[in-house]
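Got your viewer open? Load the model, keep the selection box handy, and follow along stop by stop.

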Amino acid sequence: MAAAAILRRGLRTAATAARAPATRARWARPLATTPATLSPGEDLGSFDYGFSKDRIEKGNVSGAAENRGFTYLLMGANKFIYASAVRIGALKFIATMSATKDVLALASAEFDVSAVEEGQTITVKWRGKPVFIRHRTPDEIASSEAVSLDELRDPETDASRVESSEWLVVMGICTHLGCVPIANAGDYGGWFCPCHGSHYDVSGRIRKGPAPLNLEIPPYKFTGDANLLVG
């Protein structure tokens with residue numbers, strides 16, 4: 001009995017081994033096939049059909065020929081809006097850099113000098129700074145014109161510093177350290193800066209002391225016989 005059981009088991013194993021290659025052959029598929037051996041439409045042997053199932057045809061997307069014009073129009077409109085926003089922002093930024101109305105109002109100032117007598121100096125304010133207006137006498141004009149340029153630290157003729165020889169208009173700020181000089185004082189009868197001892201003549205030119213330059217001439221003009229516009 002034992003021998004018969006062993007014999008039957010051996011025959012069953014041999015039969016199973018004989019059928020196995022056929023089963024494997026029926027279900028096995030090639031792992032790879034070279035492109036040269038494929039025919040058009042031939043299956044590569046993959047059970048993953050996700051690529052074919054989820055693939056979107058080119059004719060169905062928004063970039064198709066019938067929708068391309070609308071897409072270009074929308075993109076162009078967006079770019080136009082962005083460019084307009086940048087332009088408005090740039091203009092507003094530039095506008096913030098311009099002078100305000102109160103500053104522009106102080107850009108020029110007009111003064112009536114009809115009451116200023118010969119030999120007298122008045123001080124007015126322009127852009128927050130003092131301006132000296134001197135009504136010069138004939139002797140002061142003659143002495144200023146007679147000064148040689150060789151005597152001057154900052155050579156300037158008297159005629160180049162005045163629009164009308166009777167009137168001298170200069171900034172009331174010392175060119176040394178920005179102090180305000182005293183009118184009708186100093187060794188030359190013009191202005192004297194008590195801070196460090198700078199002397200200016202009646203043409204506003206530096207004659208003595210540490211100041212390196214003459215008193216500055218602001219932009220001005222006469223709009224009438226006695227009206228002076230500074231700025």
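**Stop one: a buried arginine and its partner**

Start by selecting Arg 161, which counts as buried because its relative accessibility is 3%. Keep in mind as you click around that this is a predicted model. Now add Glu 156 to the selection: the two form a salt bridge, and their closest N and O atoms are 2.6 Å apart. Buried, exposed or partly exposed: how does Glu 156 count? At 27% relative accessibility, Glu 156 is partly exposed.

**Stop two: a charged network**

Next, select Glu 151, Asp 201, Arg 205 and Arg 207, which are joined into one network by salt bridges that share partners. Zoom in on Glu 151 and Arg 207, whose side chains meet in a salt bridge at 3.4 Å, N to O. Glu 151 sits in the loop between α5 and β4, while Arg 207 belongs to strand β8 (residues 206-208), so this pair ties together parts that are 56 residues apart in sequence. Arg 207 has a relative accessible area of 18%, so it counts as buried, the cut-off being under 20%.

**Stop three: one more pair**

Move over to Arg 136 and Asp 158. They form a salt bridge too, with the closest N and O atoms 2.7 Å apart. Arg 136 is in the loop between β3 and α5 (138-145), and Asp 158 is in the loop between α5 and β4, so the pair links parts that are 22 residues apart in sequence. Are these two residues buried or exposed? Both Arg 136 and Asp 158 are buried. If you're keeping a tally, the model has 7 salt bridges.

**Stop four: the hairpin and its sheet**

Switch to cartoon view and colour residues 121-126 and 129-135. These are strands β2 and β3, which run antiparallel and are joined by 6 bridges. For a look at the register, show Thr 123, which stands opposite Phe 132 in β3. Then show Trp 126, which has Lys 129 of β3 opposite.

The two strands make a hairpin with 2 residues between them. Click on Arg 127 in that turn and check its backbone: phi is positive, about 55 degrees.

Now bring in β4. The 3 strands form an open sheet in the order β2-β3-β4, with antiparallel pairing. Which strands are at the edges? They are β2 and β4 (167-171), each of which pairs on one side only. Ignoring direction, neighbouring strands in this sheet are turned by 25 degrees against each other on average.

**Stop five: the nonpolar core**

Keep the strands on screen and select Val 113, Trp 126, Val 131, Ile 133, Val 169, Leu 228 and Val 230. They have the most contacts inside the largest nonpolar core, which has 14 residues. At least two core residues come from each of β1 (109-112), β2, β3, β4 and β10 (227-230). Which strand gives the most? That's β4, with 3 residues. For background, nonpolar side chains in soluble globular proteins tend to be buried together.

**Last stop: nonpolar side chains on the outside**

Finish with a surface representation and select Phe 80, Ile 81 and Tyr 82. Together they form a nonpolar surface patch with about 400 Å² of accessible area. Phe 80 is part of helix α3 (residues 65-97). With a relative accessible area of 60%, Phe 80 counts as exposed.

Methods
Residues are numbered from 1 along each chain as its sequence is written. This is a predicted model: local features need pLDDT of at least 70, side-chain atom pairs count only at pLDDT 80 or more; totals for chains, interfaces and linings use all residues. Side-chain values use heavy atoms; hydrogens and water are left out. Two strands pair if DSSP finds at least two bridges between them. Helices (H or I, at least four residues) and strands (E, at least two) are DSSP runs, numbered from the N terminus. Axes are lines fitted to C-alpha atoms, for helices over the stretch in contact, and angles run from 0 to 180 degrees between N-to-C directions. Patches are made of residues with over 30% relative accessible area and no salt bridge: like charges are joined within 9 Å, nonpolar side chains (Val, Leu, Ile, Met, Phe, Trp, Tyr) within 5 Å. Accessible areas come from the Shrake-Rupley method with a 1.4 Å probe; for residues, only the protein chains shown count as cover. A salt bridge is a side-chain nitrogen of Lys or Arg within 4 Å of a carboxyl oxygen of Asp or Glu. Buried means under 20% relative accessible area, exposed over 50%, partly exposed in between (1.4 Å probe, protein chains only). A nonpolar core is a set of buried Ala, Val, Leu, Ile, Met, Phe, Trp, Tyr and Cys residues joined through side-chain atoms within 4.5 Å.
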